[in-house]
Amino acid sequence: MDRFIEKFIRYLEIEKNASGYTILNYKLDLYNFKNFLKEIPIENIDYLTLRKYLAFLKESNLTNRTISRKLSCLRSFYKFLFREGLIKNNPVMSLSSPKQDKMLPLFLTEDEVVRLIEAPSTDNISGLRDRAIFETLYSTGMRVSELVSLNIDRIDFIGGTLK
């Protein structure tokens with residue numbers, strides 16, 4: 001297996017011109033995979049062996065993002081081995097990536113919003129502009145890109161609305 005890993009790493013360096021960070025992480029991932037396999041020859045690795053490896057990673061309390069990255073490394077590795085004719089079938093093709101955790105958005109407290117809106121100095125024109133920007137963004141919920149593209153003819157000053 002060492003021979004296959006080194007061949008793949010050379011391929012990443014020379015043909016793919018991968019970053020040093022990518023090469024280091026792929027090398028670590030592949031040697032960790034090799035240690036998990038112990039003495040199983042690469043030709044004997046099948047779908048069930050790979051599922052056991054994914055279960056091992058999950059039991060190691062790795063995040064789904066990390067497991068997906070390791071699986072991506074294996075996909076690239078096996079795709080390379082198959083394309084080079086070093087293996088007859090690619091068992092990684094039938095594996096699906098773990099579902100990614102949804103991160104909840106962070107939000108400001110009411111006090112933080114007040115401090116943010118009141119942060120610009122109102123002693124000069126740019127401070128007044130910045131405060132108006134903050135208040136508009138906060139009160140409307142519009143995106144910054146929407147505010148930037150807002151034209152004066154889209155403002156109804158009498159009705160107090162924006163289009």
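Which residues does T49 touch, not counting residues up to four places away in sequence? In this predicted model, the residues that T49 touches beyond that limit in sequence are F36, L37, I40 and N44. T49 itself is found in helix α3, and the points below first describe that helix, then the way its residues are divided between buried and exposed positions, and finally T49.

**Helix α3 and what follows it**
- Helix α3 covers residues 47-59, a run of 13 residues, and from its first C-alpha to its last it reaches 18 Å, which is close to the 18 Å expected at 1.5 Å a residue.
- After α3 comes N61, a residue whose phi is positive, near 60 degrees.

**Buried and exposed residues of α3**
- The buried residues of this helix are T49, L50, Y53, L54 and L57.
- Seen down the axis of α3, these buried residues fall within an arc of 140 degrees, and therefore they line one face of the helix.
- The elements against which the buried residues of α3 pack are α2 (20-37) and α4 (64-83).
- On the other side of α3, by contrast, L48, K52 and E59 are exposed.

**T49**
- T49 counts as buried because its relative accessibility is 13%, and buried means under 20%.
- The side chain of T49 makes a polar contact, at 2.7 Å, with the side chain of D46.
- T49 is thus one of the buried residues of α3, and its side chain has a polar partner in the side chain of D46.

Key
Residues numbered from 1 in each chain as written. Predicted model: local features only at pLDDT ≥ 70, side-chain atom pairs only at ≥ 80, totals over all residues. Heavy atoms only, no water. Helix = DSSP H or I, 4+ residues; strand = E, 2+ residues; numbered from the N terminus. Expected span 1.5 Å × (residues − 1). Buried < 20%, exposed > 50% of the residue type's maximum accessible area, 1.4 Å probe, protein only. Arc of directions from axis to C-beta. Contact = heavy atoms within 4.5 Å. Polar contact = N/O pair within 3.5 Å; in protein donor to acceptor, adjacent residues only side chain to side chain.
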